[in-house]
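Trainee: Could you walk me through this protein model? I'd like to ask a few things as we look.

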Amino acid sequence: MTEELYGDSNLKQGDKDLPENGPNKKAKSKGYVKELQNDLKILGIYFSKIDGNFGAKTKQAVETFQWNAKKIKKRIKNNSIVNDPPVYTESITGIVNPTTKKEIARWLEKSFKATGDLVRVNESQFSNIEIGSAFKKIKHLHINDGEIVISGEIIKYLKYADSKAKALSLNIVINQAMRVNGQKVTGAVVPPAKKSQHLIGHAIDCNIVDGDIWNNSQIFANGKETENAKKFIAAMKKEGLRWGGDFTNSDTPHFDKQIISVIDYKYKYFFNQRMISENQKIPLTTW
Ligand SMILES: [Zn+2]
């Protein structure tokens with residue numbers, strides 16, 4: 001059995017490492033907060049001062065860790081991406097309780113660092129989905145030509161879209177998937193004001209090409225879209241995707257699997273944008 005981290009009580013906001021020679025002799029602290037901050041820094045989740053003061057930034061780092069441990073199935077290990085099906089199932093509290101301590105200890109032992117859930121898919125994986133000429137490749141050390149970058153959660157929808165397009169003899173031409181936000185994501189978690197699903201890798205923009213007919217915004221605006229385009233859109237919606245043509249500001253090329261939870265969006269945004277801005281490895285998906 002490994003010894004429990006940071007003493008035998010919970011650590012939470014307001015806790016402080018008191019000076020060793022300070023007036024409070026019965027200080028429970030033996031530098032536990034500093035230890036915690038240092039560990040969270042090693043895990044790639046804490047960016048502030050190692051000051052022994054469990055303030056708002058330390059709490060946010062603990063929440064960020066708890067969210068990632070619970071929701072993301074991959075970790076960085078020795079600069080590669082490894083699978084790590086979540087074992088942490090508790091709430092996101094910002095309190096370092098025995099379960100959180102155990103999870104931190106597990107990551108430290110395995111030399112894990114936190115990452116997001118972006119994956120790369122080469123267009124050659126698809127039969128009826130391709131990358132359009134307007135598609136802008138994301139600047140990143142590990143993204144190549146012909147690759148779409150998307151959240152791992154979206155793969156099953158892309159596969160389904162491909163099979164549906166094949167069945168309907170359509171070509172789906174993708175113009176955008178994951179979008180990089182202007183600001184660089186390196187430090188703390190700051191979600192954008194406008195919560196685009198593209199910024200977390202949960203959306204694609206595409207044209208539905210039916211023979212010679214490009215079902216573009218103009219065609220939809222005139223109600224001239226092809227029958228098979230309608231069938232394709234209906235099938236995608238039935239799978240649980242939103243279609244931008246239903247939005248108040250109609251956006252017919254757009255499909256997304258919306259993350260509604262503000263918390264989930266915030267952290268997924270942080271980790272997936274950071275995968276790009278820090279050039280973290282993005283696994284290539286094949287099937
Ligand atoms: Zn879009």
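Mentor: Sure, here come some questions and answers on the fold. This is a predicted model, so to speak: local features need pLDDT of at least 70, side-chain atom pairs count only at pLDDT 80 or more, and totals for chains, interfaces and linings use all residues. Residues are numbered from 1 along each chain as its sequence is written.

Trainee: How many of the 287 residues count as buried, in percent?
Mentor: Buried means 20 or more other C-beta atoms lie within 10 Å of a residue's own, with C-beta atoms placed from the backbone. Out of the chain's 287 residues, the share that counts as buried is 37%.

Trainee: Which helix gives the most to the largest nonpolar core?
Mentor: A nonpolar core is a set of buried Ala, Val, Leu, Ile, Met, Phe, Trp, Tyr and Cys residues joined through C-beta atoms within 7 Å. The largest one has 60 residues, and Ile 150, Ile 172 and Ile 174 have the most contacts inside it. Helices here are DSSP runs (H or I, at least four residues), and strands are too (E, at least two), numbered from the N terminus. With 7 residues from 262-277, the top giver is helix α7.

Trainee: Which strands stand at the edges of the open sheet, and why is one side of each left without a neighbour?
Mentor: Three strands pair antiparallel in the order β2-β1-β3; pairing takes at least two DSSP bridges between two strands. β1 (residues 74-77) is joined to β2 by 4 bridges. Each edge strand has a single partner strand, so one side lacks a neighbour in the sheet, and these strands are β2 (80-83) and β3 (112-114).

Methods:
Buried ≥ 20, exposed ≤ 12 C-beta atoms within 10 Å, placed from the backbone.
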